[in-house]
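Me: I am new to this structure and would like a close look at a single part of it. Could you take me through one strand and its surroundings, explaining the terms as you go?

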Amino acid sequence: MQLIEAFRLALQALWGNKLRSILTLLGVIIGVGSVIMVVTLTNGAKEFVTSKINRYGASVLTISKMPQTFITIEEYLSFQKRRDITFDDYRAILSECRSCKVIGAQRATIGKIVRGSKSTTDSNIRGVTWTMLSISNLNIELGRSLTASEDEHSAHVAVVGADIVDNLLGPGDPLGKEIRIDGAPYTVIGVAERQGKMLGTSMDNWAAVPLTTFLHTYGSHQSLSIYVDAGAGAEVMEVVSDELRVLMRARRHLAPGAPDTFSIDSSSTFQNLLGKILNSFGAVVASIAAISLVVGGIVIMNIMLVSVTERTREIGVRKALGARRQDILIQFLIESATISLVGGAIGVFSGILLAKVITLAIAFPSAIEYWSIVLSLIVSIGVGLFFGIYPAHKASQLDPIAALRAEL
């Protein structure tokens, strides 16, 4: 009963002094709100990136000129000097790798797609082997994927993203219609499942054509990326990775002990880097939130001290009626914790609201982490209890006679 009464008094105090309450809770609101917003956004980004990484499957290895993750400009410039991954490398792996399950290759550029008087700019033009669409787990919603024959004979056919249908092909069956990609004619044979937007950028503004056709059109002066589906199991991936490394080193005549002049990455490479980035980002945000919570706690302590002074006579009356020191102590601790908890709840609501606004504004993914809400509310209560100890102790130590004589 005492707890409920203390809780009721705390809410009355907050409602009776709205402006002072908002100013009192501001630090807690900012601290909790910023944590919730960042956790919601980073969790959404993590889920989105992980889903994109896993689009190629956890068993897919990537052979490329440069590693998928590097830290410094010096590393980037050093990797740029490496030899390109060529179409001959792809064909050699295709014919010699015994443990590889599925092998594909890809190159991409930015181009213009035209149909009649309509056109798209900055479209992603992909040259892919016929196996790449299955390796990337890209679902074909309408029509079909590329075939080995079309890849071998450099056919002018294309699988397109949903934006190409919306912006160029219009209503009706898009299959069989002709588009021009950077001036060359292609027949649409398939439409991929819509992927949506990321950071305001559409993921559906693309066209995939046979890699051989792509190389004839754009030349072979840029490095390829080779994708190998190794099959399930870490041990299998290690075996395939070792075989690929031996094949590539042999093709480049690298002496024993010489460093690799190519990179072999897996989805775990991306996930490890993503984890490090998010952890570093989280540590920075946690530090900022901690400062806000300390400031908010100090403000709450000051307001509680003011409250003790304003209610000195009330404390005297309660003690005269038999209230013990611990009763007064608990009452003010609960009030302090309640004030902080209300600030934490408002912070949680504000953080989620801001994250959703950002998601709607720039299509940045967000996903609520419920543990962060529970933890934020627990921390809010802890801040209130910690910074309420001194005012509560001061109130409990008041002499009842002196308190009753206090001026209202």
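Reply: Happy to. Strands β3 and β10 pair in the parallel sense over five bridges; two strands count as paired if DSSP finds at least two bridges between them. Helices (H or I, at least four residues) and strands (E, at least two) are DSSP runs, numbered from the N terminus.

A word on the source: this is a predicted model, in which local features need pLDDT of at least 70 and side-chain atom pairs count only at pLDDT 80 or more, while totals for chains, interfaces and linings use all residues. Residues are numbered from 1 along each chain as its sequence is written, and side-chain values use heavy atoms, with hydrogens and water left out.

Now to β10 itself, residues 206-210. Five of its five residues are buried, so the strand is largely enclosed by the rest of the structure. Here buried means under 20% relative accessible area, exposed over 50%, and partly exposed in between (1.4 Å probe, protein chains only).

Besides β3, strand β5 (residues 157-160) pairs with β10, in the antiparallel sense and over two bridges. Ala208 of β10 is a good place to pause: Arg126 stands opposite Ala208, and Val159 also stands opposite Ala208.

Strand β3 spans residues 118-128 and includes Asp122. Phi of Asp122 is near 55°, a positive value in a residue other than glycine. Asp122 is exposed, with a relative accessible area of 60%.

Next, look at Ile181. Not counting residues up to four places away in sequence, Ile181 touches Ala207 and Val209, and also Lys112, Ile113, Ile125, Ala158, Tyr186 and Tyr218; such a contact means heavy atoms within 4.5 Å. Just after Ile181 comes Asp182, in the loop between β6 (178-181) and β7 (184-192). Asp182 has a positive phi too, near 50°, and at 36% relative accessibility Asp182 is partly exposed.

Ile181 also belongs to a wider group. Together with Val160, Ile226 and Leu244, Ile181 is among the residues with the most contacts inside the largest nonpolar core, which has 40 residues. A nonpolar core is a set of buried Ala, Val, Leu, Ile, Met, Phe, Trp, Tyr and Cys residues joined through side-chain atoms within 4.5 Å. Helix α9 (residues 234-251) gives the most to this core, with five residues. Apart from this core lies another, of 22 residues, including Val32, Ile328, Val348 and Ala395.
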